[in-house]
Amino acid sequence: MQNVKLNCGIDMPIIGYGVYMVDPSVTERCVLDALSVGYRSLDTAQYYENEAMVGAAVRKSGVPRDEVFITSKLCQSRPTYAQAKENVKGSLRRMRLDYLDLMLIHWPMGNDGDIWAAFEDLVKEGYLRSIGVSNFYPGQFEKLVREASMIPAVNQIETHVFYQQRPMISKMADAGTVVESWGPLAEGLNGIFTNPVLTEVGAAHGKTAAQVALRFLTQQGIIVIPKSVHKERMIQNLDTLDFDLSQDEMAAIRCLDTGHNLEGWPSDALKYNPETVV
Ligand SMILES: NC(=O)c1ccc[n+]([C@@H]2O[C@H](COP(=O)([O-])OP(=O)(O)OC[C@H]3O[C@@H](n4cnc5c(N)ncnc54)[C@H](OP(=O)(O)O)[C@@H]3O)[C@@H](O)[C@H]2O)c1
């Protein structure tokens, strides 16, 4: 598996397995399948209510803990520093893990400086190996970084062929923060799996539209965490690093960018507005 080096010096697999909307009743089976076909990075969150099943699957799989990169995300409105620390320890208890490889603030929570201070101390205390954010746009990101000692290792944002986020990606590169794509398959929307451009490019490489959509991201160094409850699709999504898209193919896919996220918001609407932060 190809890794991406994070700014704190640790490696993160460029492809992982995401478990958003994976029902808790099937999460353990799905994560066991994902580990059995070769995934070594798992993305869960407090909000998904399946952290415990992810931890259980890792233990059951027999894959050594230090060979699996595990991410979770804090979801708590305006916690104090102490509450944020306790919150992260709650994830560890639910997952029955001693440490997490990456903890993210799931979205701006309103007092992100306090959460970040807690995260930084949890790194120093050995509970977290790396820390980052999710759904932070430039104003929110810059505000956090002004108060931080550690620069976020990762910003997990919506990006895919239909919402390519080029300005955001270049800002994160300048900051030394790796972009991780959520919804790398556009959550299966917009006809992505039958898109003519992706299908035609795929045919030239013996790959599916889904595989091309993932390669478009990883070829730019963007981490992807596609979700599927089907083992054959998990295999397909992992089998995406053995071909390169040509400049012409990348250019053709660039034309699929709508400039809007899946809910129809233009990038500008996502800029920081202190009045609308939760
Ligand atoms: N930070 C955030 O706010 C945030 C938000 C959303 C998601 N995430 C993370 O990002 C991960 C991925 O995003 P996502 O789950 O929203 O969407 P996604 O991975 O872009 O798309 C998942 C959809 O595509 C289908 N699919 C997957 N592989 C396929 C293939 N090879 N061929 C055909 N269909 C395929 C899945 O169906 P089946 O399951 O039926 O195969 C599912 O309907 C999440 O699981 C979560 O970990 C984070």
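The following paragraphs describe salt bridges and the surroundings of one proline in a predicted model.

Side chains of opposite charge can pair when their charged atoms come close. In the present model, the count of such salt bridges comes to 13, and several of these pairs are considered here in turn, together with the accessibility of the residues that form them.

One of the salt bridges joins the side chains of K60 and E28, with a distance of 2.7 Å from N to O. This pair links distant parts of the chain, since K60 belongs to helix α2 (residues 51-61) and E28 to helix α1 (residues 24-36), the two residues being 32 residues apart. The partners are unlike in their accessibility: K60 has a relative accessible area of 58% and is therefore classed as exposed, the threshold being over 50%, whereas E28, with a relative accessible area of 24%, is partly exposed.

A further salt bridge is formed between K73 and D43, whose closest N and O atoms are 2.6 Å apart. Here, too, distant parts of the chain are linked, with K73 placed in strand β5 (residues 69-74) and D43 in strand β4 (residues 41-43), 30 residues apart. K73 is buried, with a relative accessible area of 0%, and D43 is likewise buried, with a relative accessible area of 4%; both residues are assigned to this class because their values fall under 20%.

R65 and D101 also form a salt bridge, in which the closest N and O atoms lie 3.0 Å apart. R65 is located in the loop between α2 and β5, and D101 in the loop between α3 (81-95) and β6 (102-105), so that the pair ties together parts that are 36 residues apart in sequence. Both R65 and D101 are buried. The pair is also part of a network of salt bridges in which R65, D101 and R129 are linked.

Apart from the charged pairs, the position of P226 was examined. P226 is found in the loop between β10 (223-224) and α9 (231-238), and its relative accessible area of 2% is under 20%, which means that P226 is classed as buried. When residues up to four places away in sequence are not counted, P226 touches I15, G16, Y17, G18, P184, L185, L214 and N237. The C-alpha atoms of P226 and A210, which are 16 residues apart along the chain, are separated by 9.8 Å.

Methods
Residues numbered from 1 in each chain as written. Predicted model: local features only at pLDDT ≥ 70, side-chain atom pairs only at ≥ 80, totals over all residues. Heavy atoms only, no water. Salt bridge = Lys/Arg side-chain N within 4 Å of Asp/Glu carboxyl O. Helix = DSSP H or I, 4+ residues; strand = E, 2+ residues; numbered from the N terminus. Buried < 20%, exposed > 50% of the residue type's maximum accessible area, 1.4 Å probe, protein only. Contact = heavy atoms within 4.5 Å.
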